[in-house]
Amino acid sequence: MLILLAVRYSLAEVGTPKISPFHFPADLDVGMRTSILCVVTYGDPPFDFAWYKDGKTLTETHSASIRKFDDFTSNLVISKVDAESNGNYTCRASNYKGFEEKSAVLFVKETRAPKINPFHFSGELDVGMRASVHCAVIYGDIPFEFTWLKNGHQIQEIPGISFRKTDEYTSNLVISEVNADSNGNYTCRVTNSKGSDEKSAVLSVKGINFPINKV
């Protein structure tokens, strides 16, 4: 009797769909696109495909679309992921014999606001010397926008003053020859989609004081 039941069970399994495991990329950032394939590797067609998110039927939206590639493959595409995209996604493939499900977790990294490492100018600057400072982001997610200011006003590149991005996390301000006009409070402001941070440093050329406004 036990042998007969085992044979019946094994026959029932013949033709039941088998799905190949799938997964989302582990490095998804907000705004990126992702796509996964639900592929039936075994079983008798025709198959019906259904997608679920956190146990609820997944419906198509402006950012999520589902389409059937062929008799054995269904494709889920999320055009722009965000925090609401996070969840457990399940594909179910069914035929007249039964069904199988496979799942994968989507996790979107939340963009972090930048934090800048403090910087300072040398305290031994004489007229004619070269001054250089680095504005380095030590925390936060790219892309970053760097802005340099002097006494609250944005600095424009002119002969003798230049700034450039040395990599995705660092900007370098260079004053080729300091003089009385170089004195001031210099600020680096860094911005990304989450927020901003700024740090400042005073440049003071030896023997030259800041101008005093007369009343």
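## Strand pairing in a predicted model

Strand 3 (residues 48–53) and strand 4 run antiparallel and are joined by 2 bridges, where strands are DSSP runs of E with at least two residues, numbered from the N terminus, and two strands pair if DSSP finds at least two bridges between them. This is a predicted model, in which local features need pLDDT of at least 70 and side-chain atom pairs count only at pLDDT 80 or more, while totals for chains, interfaces and linings use all residues. Residues are numbered from 1 along each chain as its sequence is written, and side-chain values use heavy atoms, with hydrogens and water left out.

Strands 3 and 4 belong to an open sheet of 4 strands, ordered 4-3-7-8 with antiparallel pairing. Its edge strands, each pairing on one side only, are strand 4 (56–57) and strand 8 (98–106).

Elsewhere, strand 10 (residues 131–139) is joined by 2 bridges to strand 9 (residues 115–116), and these two run antiparallel. Strand 10 also pairs with strand 14 (residues 170–175) in the antiparallel sense, over 6 bridges. Residues that face each other across these pairings are listed below.

| Residue | Partner |
|---|---|
| Tyr 52 | Thr 57 in strand 4 |
| Ile 116 | Val 137 in strand 10 |
| Val 133 | Leu 173 in strand 14 |

The loop between strand 9 and strand 10 holds Val 127, which counts as exposed because its relative accessibility is 55%, the term exposed meaning over 50% relative accessible area (1.4 Å probe, protein chains only). Although Val 127 and Val 178 are 51 residues apart in sequence, their C-alpha atoms are 5.4 Å apart in space.

Notes:
Buried < 20%, exposed > 50% of the residue type's maximum accessible area, 1.4 Å probe, protein only.
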